[in-house]
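Student: Before I use any labels for this model, I want to see how each one follows from a value. Can we take them in turn?

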Amino acid sequence: MKRTLYTEDHEAFRATVRTFLEKEVLPHYAQWEKDGIVSREAWLAAGRQGLLGLAVEEEYGGGGNPDFRYASVLAEEFTRAAAPGLAIGLHNDIIGPYLTKLATDEQKRRWLPGFCSGEIISAIAMTEPGAGSDLQGIRTTAEDHGDHWILNGSKTFISNGILADLVIVVARTTPEGGAHGLSLLVVERGMEGFERGRNLDKIGQKSQDTAELFFTDVRVPKENLLGELNGAFVHLMTNLAQERLAIAVAGIAGAEHLLELTTRYVKEREAFGRPLAKLQHVRFEIAEMATECAVTRTFVDRCISEHADPTGLGLDPVNASMAKWWATELQKRVADRCLQLHGGYGYMSEFPVARAFTDGRIQTIYGGTTEIMKEIIGRSLLG
């Protein structure tokens with residue numbers, strides 16, 4: 001079906017993103033994978049190209065355009081380019097809203113220009129060694145000391161953890177509050193007592209730095225409280241729909257791209273004297289994946305449209321959860337089936353299907369696991 005989601009402006013932006021990927025990302029990506037981290041110059045290049053802070057007000061150096069369809073284009077093109085290491089989506093779509101919606105004018109002046117130029121790389125630190133999706137399990141604490149907080153604790157699996165200059169930390173500021181006793185504190189590079197652990201060795205997305213963070217008596221100024229005191233739970237829940245939609249967008253884009261690659265491959269690869277595409281089993285596999293992708297694309301595009309509609313209420317969190325779990329599980333299934341159709345070549349890391357298999361595996365885990373998504377949907381239906 002012909003997609004009707006995007007306008008000519010969105011497609012022009014897509015061309016810009018593709019040019020950026022060809023010039024600034026893909027020539028260096030193999031080296032970044034070996035290094036386990038991307039170059040800061042790539043972030044600066046993205047800033048110069050206007051790819052950072054798309055929804056940030058123009059007065060702070062952003063694009064001034066909250067239309068989520070531009071973010072969707074970015075996610076689609078980075079996924080198709082197999083370049084998840086440069087985590088622009090995390091920066092723009094997940095962390096950006098916290099700064100644009102919760103920051104004071106003074107905080108915006110301090111952080112947003114660098115956020116948009118690429119000079120300030122951002123991260124959000126919620127997950128701990130003993131607490132993932134369950135916010136009540138967070139043990140990182142911030143004690144009130146008058147004009148500052150004293151922050152103690154640790155976080156793990158933090159994307160952009162090594163490169164980040166600005167980290168939004170979820171910390172317990174009221175012991176009795178449970179999940180409602182949490183606040184968001186912004187920790188900046190160079191604060192005494194803020195240390196980074198190792199760059200974690202993952203099975204995929206090797207160039208995307210993922211780290212452990214440690215906070216030992218870190219003195220955080222009161223001016224670095226983001227949003228309401230003890231209001232982190234509400235703030236986090238408010239932004240989760242967009243985060244999960246962004247992951248869903250990458251999920252269906254990844255599945256579609258793998259289907260395209262595999263369709264070409266089975267037409268060219270021969271077995272028993274004829275192309276694989278002539279075998280009924282292969283044709284059925286392609287037919288099933290194509291149908292699943294088409295159905296999923298329709299739903300995800302509808303979610304994008306609702307989220308981008310300035311006259312509506314935005315995307316319902318339950319629909320966001322549906323999109324997230326369905327699209328990412330589809331991506332996982334398609335990656336496995338496409339790898340199988342590639343045979344031995346699919347197991348070779350230089351083949352795109354192999355990299356997609358490992359890079360995409362995290363999709364059903366971060367942003368809330370598939371099981372958490374089903375729990376959210378189930379509760380909405382059954383109470």
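Tutor: Start with the accessibility cut-offs: a residue is buried under 20% relative accessible area, exposed over 50%, and partly exposed in between. Keep in mind that this is a predicted model.

Student: Why is phenylalanine 272 called exposed?

Tutor: Its relative accessibility is 84%. The limit for exposed is over 50%, so phenylalanine 272 counts as exposed. Phenylalanine 272 is found in the loop between β9 (270-271) and β10 (274-275).

Student: What makes the phi of phenylalanine 272 worth a remark?

Tutor: Most residues other than glycine have a negative phi. Phenylalanine 272 is not a glycine, yet its phi is positive, near 55°. Glutamine 205 also has a positive phi, of about 45°, without being a glycine.

Student: Is glutamine 205 buried or exposed, and how do you know?

Tutor: Buried: the relative accessible area of glutamine 205 is 11%, and the cut-off is under 20%. Glutamine 205 is found in the loop between β6 (194-199) and β7 (210-221).

Student: Which label goes to lysine 23, and what makes it apply?

Tutor: Exposed, because lysine 23 has 60% relative accessibility and the label needs over 50%. Lysine 23 is found in helix α1. The C-alpha atoms of lysine 23 and alanine 45 are 10.0 Å apart, with their positions 22 residues apart in sequence counted as separation.

Student: Why is isoleucine 376 given the middle label, partly exposed?

Tutor: At 27%, isoleucine 376 falls between the limits of 20% and 50%, so partly exposed is the label. Isoleucine 376 sits in helix α10 (residues 370-382). Outside its neighbours within four places in sequence, isoleucine 376 is in contact with Arg244 and Ser321. From isoleucine 376 to phenylalanine 13 the C-alpha distance is 35 Å, and the two are 363 residues apart in sequence.

Student: Now the helices. Why are α6 and α8 called roughly parallel?

Tutor: The axes of α6 (residues 232-268) and α8 (residues 317-342) cross at roughly 25° and come within 8 Å. Angles under 35 degrees count as roughly parallel, and therefore α6 and α8 are roughly parallel to each other. The crossing of α6 past α8 is left-handed. Their contact residues are 19 nonpolar, seven polar and two charged.

Student: At what angle do α3 and α7 pack, and which residues meet?

Tutor: The angle is about 145°, and the axes are 8 Å apart. From α3, Phe68, Arg69, Ser72, Glu76 and Arg80 meet Arg297, Ile304, His307 and Ala308 of α7. In that contact, three residues are nonpolar, two polar and four charged.

Student: What makes a set of residues a nonpolar core?

Tutor: Its members are buried nonpolar residues joined through side-chain atoms within 4.5 Å. The largest such core here has 62 residues, and Phe78 and Leu86 have the most contacts inside it. At least two residues each come from α1 (8-35), α2 (40-48), α3 (68-80), α6, α7 (280-308) and α8. The most come from α6, which gives eleven.

Student: Which residues does phenylalanine 78 contact, leaving aside its neighbours within four places in sequence?

Tutor: Phenylalanine 78 is in contact with Val17, Phe20, Leu21, Ala83, Leu86 and Ile88. Apart from the largest core lies another, of 28 residues, including Tyr60, Leu112, Val170 and Leu184.

Definitions and conventions:
Residues are numbered from 1 along each chain as its sequence is written. This is a predicted model: local features need pLDDT of at least 70, side-chain atom pairs count only at pLDDT 80 or more; totals for chains, interfaces and linings use all residues. Side-chain values use heavy atoms; hydrogens and water are left out. Axes are lines fitted to C-alpha atoms, for helices over the stretch in contact, and angles run from 0 to 180 degrees between N-to-C directions. Helices (H or I, at least four residues) and strands (E, at least two) are DSSP runs, numbered from the N terminus. Angles under 35 degrees count as roughly parallel, over 145 as roughly antiparallel, 65 to 115 as roughly perpendicular and the rest as oblique. A crossing is left-handed if the near helix is turned anticlockwise from the far one by less than a right angle, and right-handed if clockwise. Ala, Val, Leu, Ile, Met, Phe, Trp, Tyr, Cys and Pro count as nonpolar, Asp, Glu, Lys and Arg as charged, and the others, Gly among them, as polar. Buried means under 20% relative accessible area, exposed over 50%, partly exposed in between (1.4 Å probe, protein chains only). Contact means heavy atoms within 4.5 Å.
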